[in-house]
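User: I am learning how structural terms are assigned, and I would like each one explained against its definition. Could we go through this structure together?

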Amino acid sequence: MIELKLSELNENKAIKVDLDGTDICVVRQGSEVFAIADLCSHAEASLSEGDVTTGRIECWLHGAEFDLRTGEAVTPPASAPVETYPVSIEGDTVRVG
Ligand code: FES
């Protein structure tokens with residue numbers, strides 16, 4: 001598990017964090033924070049470098065979009081989901097994993 005500060009997460013700006021050796025993409029949207037695997041399920045691209053829209057992140061390499069809540073691939077060319085990770089928020093403390 002890792003701890004982040006809610007106040008240091010910028011709205012709709014994905015960051016990459018290391019969770020026990022695995023790269024995780026973390027996104028804040030309003031009072032919610034989402035954590036999904038950083039590696040796109042289509043090829044070797046880092047999702048945290050992609051654009052965030054409401055509830056989704058778009059892979060910068062070929063444009064597949066993933067649901068931030070479920071990890072589901074919602075647009076091609078990706079079809080497999082990416083893993084999601086539990087997030088809890090307590091005050092300014094965000095715990096991922
Ligand atoms: S690597 Fe992400 S859509 Fe191709």
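Analyst: We can start with one facing pair of residues: C25 stands opposite I36 in β4. This is a predicted model, in which local features need pLDDT of at least 70 and side-chain atom pairs count only at pLDDT 80 or more, while totals for chains, interfaces and linings use all residues. Residues are numbered from 1 along each chain as its sequence is written.

User: What makes β3 and β4 paired strands?

Analyst: Strands here are DSSP runs of E with at least two residues, and helices are runs of H or I with at least four, numbered from the N terminus. Two strands pair if DSSP finds at least two bridges between them. Six bridges join β3 to β4, so the definition is met, and the two strands run antiparallel. Besides the pair already named, R28 stands opposite V33 in β4. The two strands form a hairpin with two residues between them, and G30 in the turn has a positive phi of about 60°.

User: How do you know that β2 pairs with β3 as well?

Analyst: Strand β2 (residues 15–19) is joined to β3 by five bridges, and therefore the requirement of at least two is satisfied, again with the strands running antiparallel. One facing pair is I15 and V26 in β3. In the hairpin of β2 and β3, which has two residues between the strands, D20 takes a positive phi near 50°.

User: Why are β2 and β4 called edge strands?

Analyst: The open sheet of three strands has the order β2-β3-β4, with antiparallel pairing. Its edge strands are β2 and β4, as each pairs on one side only. Neighbouring strands of this sheet are turned by 35° against each other on average, direction ignored; for such angles, axes are lines fitted to C-alpha atoms (for helices over the stretch in contact), and angles run from 0 to 180 degrees between N-to-C directions.

User: Why is F34 called buried?

Analyst: A residue is buried if 20 or more other C-beta atoms lie within 10 Å of its own, exposed if 12 or fewer, and partly exposed in between, with C-beta atoms placed from the backbone. F34 has 24 other C-beta atoms within 10 Å, so F34 counts as buried. F34 lies in strand β4.

User: Which residues does F34 contact, and what makes them contacts?

Analyst: Two residues are in contact if their C-beta atoms, placed from the backbone, lie within 7 Å. Leaving aside neighbours within four places in sequence, F34 is in contact with V27, L68, R69 and V87.

User: What makes a nonpolar core, and which residues of the largest one touch the most other members?

Analyst: A nonpolar core is a set of buried Ala, Val, Leu, Ile, Met, Phe, Trp, Tyr and Cys residues joined through C-beta atoms within 7 Å. The largest one has 21 residues, of which C25, V27, I36, L47, I57 and F66 touch the most other members. β3 (22–29) and β4 (32–37) each supply at least two residues of this core, and β3 gives the most, with four residues. Not counting residues up to four places away in sequence, C25 touches several residues, including A14, I36, L47 and I57.
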